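Colleague: I've got a model open and I'd like to learn how to read it. Could you walk me through a few features?

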Protein chains: 2
Amino acid sequence: MDEFALIRRYFAPLSPAAEGVVLGIGDDAAILAPPVGYELLMTSDTLVAGRHFPLATAPYDIGWKALAVNLSDLAAMGAEPLWFLLALTLPQPDEAWLAGFADGLGTLARRHGISLVGGDTTRGYLSITITAVGSVPASAALRRDGARPGDLVCVTGTLGDAALGLRLNGFESRAPCAQSEHDLPALRARLDRPTPRIEAGLALRGFASAAIDLSDGLAGDLGHVLAASGVGADLRADALPMSEAFSRQAEAGDRLSLQAAGGDDYELCVCLPPDRLAAARAAIAPLPLTVIGTISAELGLRWHAADSTPLNPELHSYQHFDDRRQAP
Amino acid sequence: MDEFALIRRYFAPLSPAAEGVVLGIGDDAAILAPPVGYELLMTSDTLVAGRHFPLATAPYDIGWKALAVNLSDLAAMGAEPLWFLLALTLPQPDEAWLAGFADGLGTLARRHGISLVGGDTTRGYLSITITAVGSVPASAALRRDGARPGDLVCVTGTLGDAALGLRLNGFESRAPCAQSEHDLPALRARLDRPTPRIEAGLALRGFASAAIDLSDGLAGDLGHVLAASGVGADLRADALPMSEAFSRQAEAGDRLSLQAAGGDDYELCVCLPPDRLAAARAAIAPLPLTVIGTISAELGLRWHAADSTPLNPELHSYQHFDDRRQAP
């Protein structure tokens, strides 16, 4: 089957008639009518097989995650998803793989009302680059550079699940009991099918002074906010929110590393003045918003124990071009 | 050197303060203010090492070509370039490679006033995906679906140079004489540093009924126009425009295949009513616009010799997912 037939068959259903799409896939470029009075947000993220997902990952999950990581960037800016382009590099034309991939991609795309408007299909080592476009009312985007001393540092949801899911892949459950039967699949689902916090990002637009999504790990990602804002932060290690599955399955000595440097959480980390906390929590409920620390004028990121004694944990954020975190 | 330092060092100069860029590289997504009254054009193209360029290609040329193929898509729509995102996958952090790549990319970007606004850097097999954004006044974009019976089929520039440059790579010149001393470098430059026909695309907006850029080869690419427009075409094989280097170096029996199916020309193929030809030629001068055939109501693409006898050349357009054209 040739490239064009493949594209038509599996990706055309992801390209429904949608607002602002004058011409979708099938020409040299998509023609798009941007909404008047809004700014556009654009982001590109690449997933490389064996580096950003395990080689044995189901094609459904690969399609889901490739879009989810881009939606997560839009969420961190407080944006409404509009359109995306898919650049797919595949070793060979495998119809079953494409069907599963398009299913995962399409399921998440429909959930957030984002339309496929173009892209490219090439042959090579498996890798997916998605470019996602969203919109915000002019000047309303959440940025990394707005954190101010006195702001609370908060995170949505729970941290560390995906990193623990990756680590436990193929291992026995640590706490085999009735409640923990589903722990490993639940942790693994956080790794394979992350939930982009689009609704939370939209709801936090009026409250957050700065935001970032947690893709590489809290310590590294919050570090970007601190650098962009010219501030520091004091964090409470014991305050990092854990899922029940995580608290049953993670060894005590591993928890902070998994939660602060494990990566792949795709939660939002936001800074906001204390007097906005209650309203922000109400706006994103039932998703929890947990206070984990405070922004300070003193540069740097400092960790503290429950009794306020300083901690010096060895944390490594995920970065490309080094081998501190190996491809799984 | 870590990912962030690499990005800052080599790609920050490609991201100057530019119109419509509220926030460029460095946050979760770029914030862009689209021009009012215009539509946006968006396209993504991937180049995979060894498949879309020879492995020994200079990094400068890889950077140039990765942007050029995307600009060529914008040119085919008649668009003015605005912004681009770069998703770069690299086997290792090689500073000399990055410096050359950014130089080629930046030189072409500055020439067309297009600004880098975001992207991603990952580790893996060498591959580059660029997403380019352009603008046109509302409803003014050139499309594939507007060709009408009676339209002339025209191409800009010359065809076949890049394909011949690839074929002759490492071989002796066929016509060693004073004029031909520079033939091989000239042909090879067409392959390595293609010229996106941005100015021609803008100038043809008022004249062309349909347009496409020639990336995979004339026969296949024009086939997309014919299919989208519901028409056919009769082409004159001897009318395809040749450069002097091509006419000196190409074997007579190879010419049609190189010109009609070789790919990598990045010229524009446009259809237009005969009464607009003179004005269209004047608008893109000194770039030549050559008539190579006529659009017909009869479906299909037919080739003819100079004396109008039908030809049945064996032509294969480049498509991914097959091995008819091997990676060089």
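**Reading a helix and an interface**

Modeller: Let's start with helix 7 of chain A, which is mostly covered, with 9 of its 12 residues buried. Buried means 20 or more other C-beta atoms within 10 Å of the residue's own, exposed means 12 or fewer, and partly exposed is in between, with C-beta atoms placed from the backbone. Helices (H or I, at least four residues) and strands (E, at least two) are DSSP runs, numbered from the N terminus. Mind that this is a predicted model: local features need pLDDT of at least 70, side-chain atom pairs count only at pLDDT 80 or more, and totals for chains, interfaces and linings use all residues. Residues are numbered from 1 along each chain as its sequence is written, and chains are lettered from A and ligands numbered from 1 in the order in which they are written.

Colleague: What do the buried residues of helix 7 of chain A pack against?

Modeller: An α-helix has 3.6 residues a turn, so residues three or four places apart point the same way. Here the buried set includes Leu218(A), Leu222(A) and Leu226(A). The buried residues pack against several elements of chain A, among them strand 7 (152-156), strand 9 (232-236) and helix 9 (255-261). Two residues are in contact if their C-beta atoms, placed from the backbone, lie within 7 Å. Just after the helix, Gly230(A) takes a positive phi of about 70°.

Colleague: And how is chain B related to chain A?

Modeller: Two copies of a chain are related by a rotation about an axis and a shift along it. In this model, a turn of 180° and a shift of 0.0 Å along the axis lay chain B on chain A with an RMSD of 0.0 Å; superposition is by least squares on the C-alpha atoms of residues with pLDDT of at least 70 in both. The two copies are thus related as by a two-fold rotation axis. The same surface serves both, since 100% of the contact residues of chain B recur in chain A.

Colleague: How many residues does the contact take from each chain?

Modeller: Chain B gives 53 residues and chain A gives 54. On chain B's side, the largest share, 9 residues, comes from strand 3 (residues 38-48) of chain B.

Colleague: Is Cys177(A) buried or exposed?

Modeller: Cys177(A) counts as exposed because it has 9 C-beta neighbours inside 10 Å. You'll find Cys177(A) in the loop between helix 4 (161-168) and helix 5 (183-192) of chain A.
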